[in-house]
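Student: Could you take me on a close look at the salt bridges of this model? I would like to see where the partners sit and how open they are to solvent.

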Amino acid sequence: MKTVKAHWEKRNINKNCLEITVEEKDINEDVLKKLKPLKADYKVIKIPTNNVSLLFALQKEGFFFIELVTTCLYSGELPKLNEIKKKILSNLKYKKMLPLDIKYLDKELDKNLFLTDRVSLDPEFSKSIGNKRYKEWIKDEIKKNSILYKLIYKKNDCGFFMIKKIDKKNFSAPLGGIYQKYQNSGFGFFLNYFEIMEAQKLGGVNTLTAFSSNNLGASSIHYSLGYKIHDQKYILVKHE
C-alpha cells in the first residue's frame, strides 16, 4: 500500500488530500488497519478491480465508489482509417500551443469542458472547483515537460491534448478534450489519433492514456482505435 500526501490538491480544491494505492500483494486486513489512523480532509483510494471484498469493506468504512479508471496502451503502426475518416482528417491538424493558446484553453475550461471527473461529479465540490483543478493540473504538467498541443479544424481551435515522455519507448497522453462548440462533431476520435501520431513522431513505441468509466465516449473511442487495457482501478473517496 502506497500513501502520498497530495499537497497540490490543497491549492486546487482547498483540502488536505491523501492518495492511497492498494497493490495486488496487499492483505485487506492490513490495508483497513493502516487506513484508520490516517487523517486528511479528503482521501482517495485506488484498488485493483479483482478485489471486490475490499471494495465492500471500504464502503462500510465511509468510502464512496466514484469511478473505474482504465489505463490503456497502444502499440504498433498508426490505426487504419476508412475513407470517411480520411475525409474528416483532411480538415484537421494540430500544433504546439503558444501562451495565447493556453489563455484560450483556460476560457474553454471555464465553460465546464470536463464534467465526468471525480471532482466535478462530487457533491462536496463544484464544477468551478473542477475547472480550477484542471487549469492547475495543466500548469503542473507543463512544468514536468509535458507538451501542450491545440487541435485545429480548418482555421478554428477545437480542442487540445498533452504528450509526456515517460522513457525512451513510452509516452503518455495525460489529458485532452474537445472544446464545447465542437463536442458533437466526432473529433474526439481524431484527438486520440493525433496523440498516437505525435508520440510516435517523438520516438515512442507505446502510447499510454487513461479514462474514467463515467466517460462512455472515451471508452468507445479508445477501443475503436485499437487500444488494449493495461490496468484498471476502482476509485473511492471519503470526506472527513
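**Salt bridges, one by one**

Tutor: Happy to! The count comes to 17 salt bridges in this predicted model. Let us start with Arg-11 and Asp-140, whose closest N and O atoms are 2.6 Å apart. Arg-11 belongs to helix H1 (residues 8–13) and Asp-140 to helix H6, so this salt bridge ties together parts that are 129 residues apart in sequence. The two ends are not equally open: Arg-11 counts as partly exposed because its relative accessibility is 34%, while Asp-140, at 18%, is buried.

Next comes a pair within one helix. Lys-86 and Glu-83 join their side chains in a salt bridge of 3.5 Å, N to O. Both lie in helix H4 (residues 83–89), and because they are three residues apart there, about one helical turn separates them. Glu-83 is exposed, with a relative accessible area of 60%, and Lys-86 is partly exposed at 41%.

A further salt bridge links the side chains of Glu-240 and Lys-238, at 3.9 Å from N to O. Here Glu-240 counts as exposed at 56% relative accessibility, whereas Lys-238 is buried, with a relative accessible area of 18%. Back at Arg-11 and Asp-140, there is a wider picture: through salt bridges that share partners, Arg-11, Glu-136, Lys-139 and Asp-140 form one network.

Another acidic residue worth a visit is Asp-110, in the loop between helix H5 (99–109) and helix H6 (127–143). The side chain of Asp-110 makes a polar contact of 2.7 Å with the side chain of Lys-135. Beyond its neighbours within four places in sequence, Asp-110 is in contact with Asn-131 and Lys-135. With 47% relative accessibility, Asp-110 counts as partly exposed.

Compare that with Asp-26, found in the loop between strand S2 (17–21) and helix H2 (28–35). Asp-26 counts as buried because its relative accessibility is 17%, and the cut-off for buried is under 20%. A polar atom of the Asp-26 side chain lies 2.7 Å from the backbone nitrogen of Glu-23. Leaving out residues up to four places away in sequence, Asp-26 touches Met-1, Thr-21 and Val-31.

Let us finish with a polar contact at a histidine: His-222, in helix H8 (residues 216–225). The side chains of His-222 and Asn-192 are joined by a polar contact of 3.3 Å. His-222 counts as buried, at 4% relative accessibility. Among the residues His-222 touches, apart from those up to four places away in sequence, are Cys-72, Thr-209, Phe-211 and Tyr-227.

Technical notes. Residues are numbered from 1 along each chain as its sequence is written. This is a predicted model: local features need pLDDT of at least 70, side-chain atom pairs count only at pLDDT 80 or more; totals for chains, interfaces and linings use all residues. Side-chain values use heavy atoms; hydrogens and water are left out. Helices (H or I, at least four residues) and strands (E, at least two) are DSSP runs, numbered from the N terminus. Buried means under 20% relative accessible area, exposed over 50%, partly exposed in between (1.4 Å probe, protein chains only). A polar contact is a pair of N or O atoms within 3.5 Å; within protein, one must be able to donate a hydrogen and the other to accept it, and residues adjacent in sequence count only if both atoms are side-chain atoms. Contact means heavy atoms within 4.5 Å. A salt bridge is a side-chain nitrogen of Lys or Arg within 4 Å of a carboxyl oxygen of Asp or Glu.
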